[in-house]
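Here are a few short exercises to work through with the model open beside you. Try each task before reading on to its solution.

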Amino acid sequence: MPRRAPRNPLGEFIRNQREITRLSLRQLANLARISNPYLSQIERGLHEPSATILKSIADALGIPPEKLYAAAGWLGDEKPENGETDVETAIRTDARLSARQKAALLEVYRGFLQGHDE
């Protein structure tokens, strides 16, 4: 039976964000000013990048560096002071959605969360 690679939350998060932004590995490496092989090794969990490297990757992806620091396990799982989840923040700050669409999405999302607690 083939052995499964250990889970790598940071690498998985970076790969998912890269795919969401539709960047190739090479494109993201160029934007982050790191080598293509090094980025590949980070995504596969073979290297633990420094905070400086994570910041350049975050800047290239257009996300706050804290997202990558949290994925690396460097930050606690604390909720923001306003109590919103990342999903709620993303919905509220998405300029492509109207106020009505945002309200509907938030209502559905919170409804799913309440159903999960029961």
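**Exercise 1: two helices in contact**

In this predicted model, Leu-25, Arg-26, Leu-28 and Ala-29 of helix 2 make contact with Asn-36, Leu-39, Ser-40 and Glu-43 of helix 3. Work out how the residues of this contact divide by character, and how the two helices are oriented.

*Solution.* Start with the residues: the contact of helix 2 with helix 3 holds four nonpolar, two polar and two charged ones. Next, take the axes of helix 2 (residues 25-32) and helix 3 (residues 36-43), which come within 9 Å and cross at roughly 110 degrees. Angles of 65 to 115 degrees count as roughly perpendicular, so helix 2 is roughly perpendicular to helix 3.

**Exercise 2: the buried side of helix 4**

Find which residues of helix 4 are buried, and what they pack against.

*Solution.* First, list the residues of helix 4 (residues 51-61) that are buried: Ile-53, Leu-54, Ile-57, Ala-58, Ala-60 and Leu-61. Now look down the axis of helix 4: its buried residues fall within an arc of 160 degrees, so they line one face of the helix. Then turn to their partners, which are helix 1 (9-20), helix 2, helix 3 and helix 5 (65-71). Finally, step past the end of helix 4 to Gly-62, where phi is positive, near 75 degrees.

**Exercise 3: the whole chain**

How many helices and strands are there in the chain, and what percentage of its residues is buried?

*Solution.* Counting gives seven helices and zero strands. Of the 118 residues in the chain, 29% are buried. For the surface, the chain exposes about 8,800 Å², with carbon and sulfur atoms supplying 52% of it.

How values were computed. Residues numbered from 1 in each chain as written. Predicted model: local features only at pLDDT ≥ 70, side-chain atom pairs only at ≥ 80, totals over all residues. Heavy atoms only, no water. Axes fitted to C-alpha atoms, helices over the stretch in contact; angles between N-to-C directions. Helix = DSSP H or I, 4+ residues; strand = E, 2+ residues; numbered from the N terminus. Parallel < 35°, antiparallel > 145°, perpendicular 65-115°, else oblique. Contact = heavy atoms within 4.5 Å. Nonpolar A, V, L, I, M, F, W, Y, C, P; charged D, E, K, R; others polar. Buried < 20%, exposed > 50% of the residue type's maximum accessible area, 1.4 Å probe, protein only. Arc of directions from axis to C-beta. Areas by Shrake-Rupley, 256 points an atom, 1.4 Å probe, with all protein chains shown as cover.
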